[in-house]
Amino acid sequence: MIEILKPGGRTPHRRTVVPGFLAACLAAAASGCGRNDIQVYSIPKEKEPERRSASRESTGPAEIPSWKKPAHWEERGPMRMSLASFNILAASGGGAEVAIMPFPHGNASELDFLNIWRSQLGLKLLDASSVTGIAQGARMAGEPAQIYDVTARLAETDAEPAERVFVAVQARRRTLWLIKLQGSPAVVGSELGTFQTFLSGIEFKPADPGSSSRTTAQDEPLKLPDWKLPASWQPQAPPNMLLAKFTATGANAASTEITVSAFPGAAGGLLMNVNRWRGQISLNPLSNEELAKLAQTLELSGLVATVVDMSGTDSKSQKPARVIGAVIPQGGRTWFFKMMGDVQASEEQKPEFFKFIQSLRFPDA
């Protein structure tokens, strides 16, 4: 119960926190009555939102989040890629959804995820320099986080997206937490403030209260397949988004780069990822029909790799470039093997690349 006293009173001095709009309403009412006697208003205290958390069984990370759900959000529980999800329905029509998604940190970067979603919406892909322009600082669980405007227009000529997407990103204990708000532009725009408040109220605790050092399958390093490395390939230290990286130099002294990465599930699908690669060499996206004509298959030890070979212009260096990629669904993940670099060097290394792919032996195949 909350009690509010008007000026001049002698009795009860029990005053506690008052919601702003209620205080304003009451102040207006008081100024209108013109009386000096004491009045005590009793207002039922607003019910504190129930703090909810993901269940231990549904989580892989070493920490599990808990949250205070806004009253008008409808909780839907875990979905395919999320620990929890929420529906937001607007009275005026349209709606939005919020999803809490954990991914093993190091398998993919923020830029990878942002470009997956942008590709799904038919938007131009981001590069490292353009990412900072769509980011804003936020707080999640008392620590810094970033909120990205995934559907930001990069140029005035860019078309307005049919949906709007914001995603908050925070890396914690080898887990990359992505909290995504997606839906109609009007609803997402009106919900952004509530979304930020929701983020700030999230708390994390160890998945196992009895052991803060608990590790899970998602925390364990992903097991790489065995492979036979071509003698001309030089191993390089992979950045966070990659599992392995190699370079090879052509007869013209130019080089090409071979990378290995893996994403959970379908990782957006073959078409989206091929179009992501095409964007890196300034090629227009393909349709499913066009991809079917371009893609080839390569058999390896009971598995089938889908292979594409594309030439264009490197979107960063503006030099001619070639991408030869192989996509392999395996073990609940989609594996990506990509060679990208100088056109001639890539042509020379293409046979070695195919031998490398065919040498793959996955531990759980």
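**Salt bridges in a predicted model**

Visitor: Is Asp149 buried or exposed, at 15% relative accessibility?
Guide: This model is predicted. Buried means under 20% relative accessible area. Asp149 has 15% relative accessibility, so Asp149 counts as buried.

Visitor: Which side chain meets that of Asp149 in a salt bridge?
Guide: The contact is 3.4 Å, N to O. Asp149 lies in strand E9 (residues 143–149) and its partner in strand E10, so the pair ties together parts 15 residues apart in sequence. The partner is partly exposed, with a relative accessible area of 28%. The side chain that meets Asp149 is that of Arg164.

Visitor: How many residues apart in sequence are the parts that Glu63 and Arg172 tie together?
Guide: The side chains of Glu63 and Arg172 form a salt bridge at 3.1 Å, N to O. Glu63 is in strand E4 (residues 63–68) and Arg172 in strand E10 (residues 164–172), so the parts they tie together are apart in sequence by 109 residues.

Visitor: What is the relative accessible area of Glu63?
Guide: Its partner Arg172 counts as buried at 12% relative accessibility. Glu63 is buried too, and its relative accessible area is 10%.

Visitor: Which residues are joined with Arg322 into one network?
Guide: Arg322 and Glu347 meet in a salt bridge of 2.5 Å, N to O. This pair links distant parts of the chain, with Arg322 in strand E18 (residues 320–330) and Glu347 in helix H7 (residues 343–358). Salt bridges that share partners join Arg322 with Asp309, Glu347 and Lys350.

Visitor: How many salt bridges does the count come to?
Guide: The rule takes a side-chain nitrogen of Lys or Arg within 4 Å of a carboxyl oxygen of Asp or Glu. By this rule the count is eight.

Methods:
Residues numbered from 1 in each chain as written. Predicted model: local features only at pLDDT ≥ 70, side-chain atom pairs only at ≥ 80, totals over all residues. Heavy atoms only, no water. Helix = DSSP H or I, 4+ residues; strand = E, 2+ residues; numbered from the N terminus. Buried < 20%, exposed > 50% of the residue type's maximum accessible area, 1.4 Å probe, protein only.
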